[in-house]
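The exercises below go through one protein model, each with a task followed by a solution worked in steps. Please keep the sequence and the coordinates open while reading.

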Amino acid sequence: MALEFRGVSESTPDEVWQTERPPGGHYAAAADFALQYLDGPGRCLVVASPIFEVYELAERYRVTYLDFRRPPVNGFDYVEGDACALPFEDATFDALSSTCLLCHLGLGRYGDPQRLGADQIALREFHRVLRPGGSAAIMLGPVAEIAESQALGTAHRVYTMRHAAAMLEQAGFSTRYAAVWDTRGERWRRPGEAINVDPALFPDYLSVYVEKPTCNT
């Protein structure tokens, strides 16, 4: 269960696009995570990730990039669309990557309409467009050791590990690996290490490598 639309308001519909890899931070960490687990070849859908991630994955996949905002650069296949209603047939892609979309989706921060449960809807769409046996690297967003997941106004959602795992399972994914990025320490936390307890300061970020099972169980 998640608490929605509480706390401070934040609106950045004209936020600058991240076209070049930063020297550090969670965006670079998420791209490294995707590159570690998504090794090609085939078709890869990248959903609303920083643009530099598209370029790097395009070295091993035929990439399609989807966002509801039009990026300021080209050189790749771009589709304008809604992550909650992906404009693709079932089982179109071999792989999928998405960085820090789910924690924002449906909160209205980037000019998108407010929509309860948009993150769960998008996960089901990710699952639908992956072929059976396909894989995804997803940075869901901030995670903390709190009682339940919550939305900090329109800024972003903060997940609990338990809720994130349940969302992925409900969408039909099998989680193969999960890792937490320590923003303050600029490193991946060790398995079993305590995570952030304050959702408002120095958020940790959760990345998962998941697969779509080859058959329903």
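**Exercise 1. The sheet**

In what order do the 8 strands of the open sheet stand, and what is the sense of their pairing?

Solution. The model is a predicted one, in which local features need pLDDT of at least 70 and side-chain atom pairs count only at pLDDT 80 or more, while totals for chains, interfaces and linings use all residues. Residues are numbered from 1 along each chain as its sequence is written, and side-chain values use heavy atoms, with hydrogens and water left out. Helices (H or I, at least four residues) and strands (E, at least two) are DSSP runs numbered from the N terminus, and two strands pair if DSSP finds at least two bridges between them. With these terms, the order reads E4-E3-E2-E5-E6-E11-E9-E10, and the pairing is mixed. E4 (77-80) and E10 are at the edges with a single partner strand each, so that one side of each has no neighbour in the sheet.

**Exercise 2. Pairing around E11 and E9**

Work out how E11 is joined to E6 and to E9, and then follow Trp 181 to its partners.

Solution. Begin with E6 (residues 130-143), which is joined to E11 by 8 bridges and runs antiparallel to it; here Ala 137 stands opposite Tyr 209 of E11. Next, E9 (residues 174-182) pairs with E11 (residues 204-211) over 7 bridges, again in the antiparallel sense. Trp 181 has Tyr 205 as its bridge partner in E11, and Trp 188 in E10 stands opposite Trp 181. Finally, E9 and E10 (residues 187-188) are antiparallel and joined by 2 bridges; their hairpin has 4 residues between the strands, and in it Glu 186 takes a positive phi near 55 degrees.

**Exercise 3. Two helices**

Describe the geometry and the composition of the contact between H3 and H4.

Solution. Axes are lines fitted to C-alpha atoms, for helices over the stretch in contact, with angles from 0 to 180 degrees between N-to-C directions. On this basis the axes of H3 (residues 118-129) and H4 (residues 161-171) come within 8 Å and cross at roughly 45 degrees. Angles under 35 degrees count as roughly parallel, over 145 as roughly antiparallel, 65 to 115 as roughly perpendicular and the rest as oblique, and H3 and H4 are therefore oblique to each other. Contact means heavy atoms within 4.5 Å; H3 contributes Asp 119, Gln 120, Leu 123, Arg 124 and His 127, and H4 contributes Met 167, Leu 168, Gln 170 and Ala 171.

**Exercise 4. A residue of E2**

Is Leu 45 buried or exposed, and which residues are in contact with Leu 45 beyond its neighbours within four places in sequence?

Solution. Leu 45 is found in strand E2 (residues 43-47). Its relative accessible area is 0%, and buried means under 20%, exposed over 50% and partly exposed in between, for a 1.4 Å probe and protein chains only; Leu 45 is therefore buried. Leaving aside neighbours within four places, its contacts are Thr 64, Leu 66, Leu 86, Phe 88, Phe 93, Ala 95, Leu 96, Ser 97 and Val 129.

**Exercise 5. Backbone exceptions**

Locate a cis peptide bond and two residues with positive phi.

Solution. Most residues other than glycine have a negative phi, and most peptide bonds are trans. The bond from Gly 40 to Pro 41 is cis, with omega near -10 degrees, and Pro 41 is in the loop between H1 (26-37) and E2. Ala 91, in the loop between E4 and E5, has a phi near 55 degrees and is partly exposed, at 36% relative accessible area. Cys 100, in the loop between E5 and H3, also has a phi near 55 degrees, but counts as buried at 7%.
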